[in-house]
Amino acid sequence: MQVQHEKFEVRTNGKGTYEITDEVQDKIDKSGVRNGVVTIFVQHTSCSLTMMENAAPAARRDVEAFFEKLVPEDATYEHDDEGSDDMPSHIRMVLTRTSETVPVVDGKMRLGTWQGIFLFEHRRAVHRRHVSLTIIGE
Amino acid sequence: MQVQHEKFEVRTNGKGTYEITDEVQDKIDKSGVRNGVVTIFVQHTSCSLTMMENAAPAARRDVEAFFEKLVPEDATYEHDDEGSDDMPSHIRMVLTRTSETVPVVDGKMRLGTWQGIFLFEHRRAVHRRHVSLTIIGE
Amino acid sequence: MQVQHEKFEVRTNGKGTYEITDEVQDKIDKSGVRNGVVTIFVQHTSCSLTMMENAAPAARRDVEAFFEKLVPEDATYEHDDEGSDDMPSHIRMVLTRTSETVPVVDGKMRLGTWQGIFLFEHRRAVHRRHVSLTIIGE
């Protein structure tokens, strides 16, 4: 049994979902771990993590549109000094996820056919986001 | 320390919450692991995972009704070619969970008294859903 | 590699977010684990877990206000015999989180600068909440 920490950056240019499945699998390949789990952890409070249908871009746009409507920028927020997209970004993060743990079987994540891992960016400006991985196994 | 992967199927016949606590505990019993964690992972994008009050069926119906209203089938979605329950199912999945990790202490999951683990089915049709477990411990 | 279980209580006096980052880090310090992961697990169905911006109390109040509005106490629920805050508490739990897994690197949780771990209390009355930790690593 071993523990390996990894890290990578995602450059985001505005709100939306950015697939990171390949980056995660690549780090697992390099770790040499064949059986165990990988924990994906996003080190931010204004973007988040989600699993998503990875074949239909329209489905992703619908998810993004749903969150625009559910947590609108033009509502009244007490914390409003960092831009109209700031407070909605924290709420959307709370409604989605910060960590996911995925089984690693024979060196591959045991994802369903249509399952991808996505960083969900909630801010408008360009950002460099940090994704941390821990791979535990043998 | 050891890693064990397990898998089981849940046959769902329509939207709703299906308790899987006993199936998970049964796999832990068979694994021989006494202290560690179990990660429960749902390999789908149109059903999800949730913890829930397991004693009051009315509470589960209220949760289900809330999601029907929050993510309605009769809204306008761009991705609408797989039935009116398809796009809402992806959004409800994003709003709930795909993986949970639960402590295993002396061979038992350390759940609270009223805590159960549920597969949350978001599609109307009959499905066979795959739940993947990884048990790590000693 | 080792597994250590820990537990602590959080006394809550009404709805709101209660930071538990220091309590979690303290247990990691005492465990002696330098590299691995910590799983934080809340053993309840009427409070939950969330990551949050930890510097701006106004941001936390906005998150709390959002949930008051999204899952109102004055809606009609079938399960209504435990007080008007009971059923909304179960729904708010489903919309947030029960477990999170965080990397532990060189003895410290790899949190982002503004990232804190919070117990999100959804009930009005005073409660003693149980948080369970499992630290796996070396």
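Where in chain A does D106(A) lie? In this predicted model, D106(A) is found in the loop between β5 and β6 (108–109) of chain A. The backbone at this point deserves a second look, since D106(A) shows a positive phi of about 50 degrees even though it is not a glycine. A matching picture appears in chain B, where D106(B) sits in the loop between β5 (99–105) and β6 (108–109). For D106(B), too, phi is positive, at about 50 degrees, although the residue is not a glycine.

Before going further, it helps to ask how confident the predictor was. Chain A has an average pLDDT of 97, and 100% of its residues reach a score of at least 70. For the model as a whole, the scores are ipTM 0.97 and pTM 0.98.

The next topic is the arrangement of the chains. Two copies of a chain are related by a rotation about an axis and a shift along it. Here, chain A is superposed on chain B by a rotation of 120 degrees, with 0.0 Å of shift along the axis and an RMSD of 0.0 Å. The two copies are therefore related as by a three-fold rotation axis. Within chain A, L95(A) has the C-alpha nearest this axis, at 3.4 Å from it. Turning to the pair of chain C and chain A, a rotation of 120 degrees with 0.0 Å of shift along its axis again brings one onto the other, with an RMSD of 0.0 Å. In chain C, the residue that comes closest to the rotation axis is L95(C), whose C-alpha is 3.4 Å away.

How many residues does each chain bring to the contact between chain A and chain B? Chain A contributes 34 residues and chain B contributes 31 residues. Together the two chains bury about 2600 Å², and 62% of this area is on carbon and sulfur atoms. On the chain A side, the residues that lose the most area to chain B are D62(A), F66(A) and R110(A), which together account for 23% of what that side buries.

Polar and charged groups also take part in this interface. Side chains of opposite charge can pair when their charged atoms come close. Between chain A and chain B, the count is one salt bridge. Its partners are R61(A) and E78(B), with 2.6 Å between the closest N and O atoms. In addition, 15 residue pairs are in polar contact between chain A and chain B, both residues of each pair being at pLDDT 80 or more.

Which parts of chain A supply the side that touches chain B? At least two residues each come from β3 (36–42), β4 (47–53), α2 (57–70), β5 (99–105) and β8 (126–137) of chain A. Among these elements, α2(A) gives the largest share, with eight residues. Sorted by class, the side of chain A that touches chain B holds 19 nonpolar, eight polar and seven charged residues.

The interface of chain C and chain A can be read in a similar way. In this contact, 34 residues come from chain C and 31 residues from chain A. The buried area is about 2600 Å², with carbon and sulfur atoms giving 62% of it. One salt bridge is found across this interface, and it joins the side chains of R61(C) and E78(A) at 2.6 Å, N to O. The number of residue pairs in polar contact between chain C and chain A is 15, counted where both residues are at pLDDT 80 or more. On the side of chain C that touches chain A, the elements giving two or more residues are β3 (36–42), β4 (47–53), α2 (57–70), β5 (99–105) and β8 (126–137) of chain C. The most comes from α2(C), with eight residues. That side of chain C is made up of 19 nonpolar, eight polar and seven charged residues.

Salt bridges can also be examined across the whole model, which holds 36 of them over all chains. One of them lies within chain C, where K30(C) pairs with D26(C) and the closest N and O atoms are 3.0 Å apart. What separates K30(C) and D26(C) along helix α1? These residues are four apart in helix α1 (residues 21–31) of chain C, so about one helical turn separates them.

Conventions:
Residues numbered from 1 in each chain as written. Chains lettered and ligands numbered in written order. Heavy atoms only, no water. Contact = heavy atoms within 4.5 Å. Buried area = accessible area lost by both parts, 1.4 Å probe. Salt bridge = Lys/Arg side-chain N within 4 Å of Asp/Glu carboxyl O. Polar contact = N/O pair within 3.5 Å; in protein donor to acceptor, adjacent residues only side chain to side chain. Nonpolar A, V, L, I, M, F, W, Y, C, P; charged D, E, K, R; others polar. pLDDT = per-residue confidence, 0-100. Least-squares fit on C-alpha atoms with pLDDT ≥ 70 in both.
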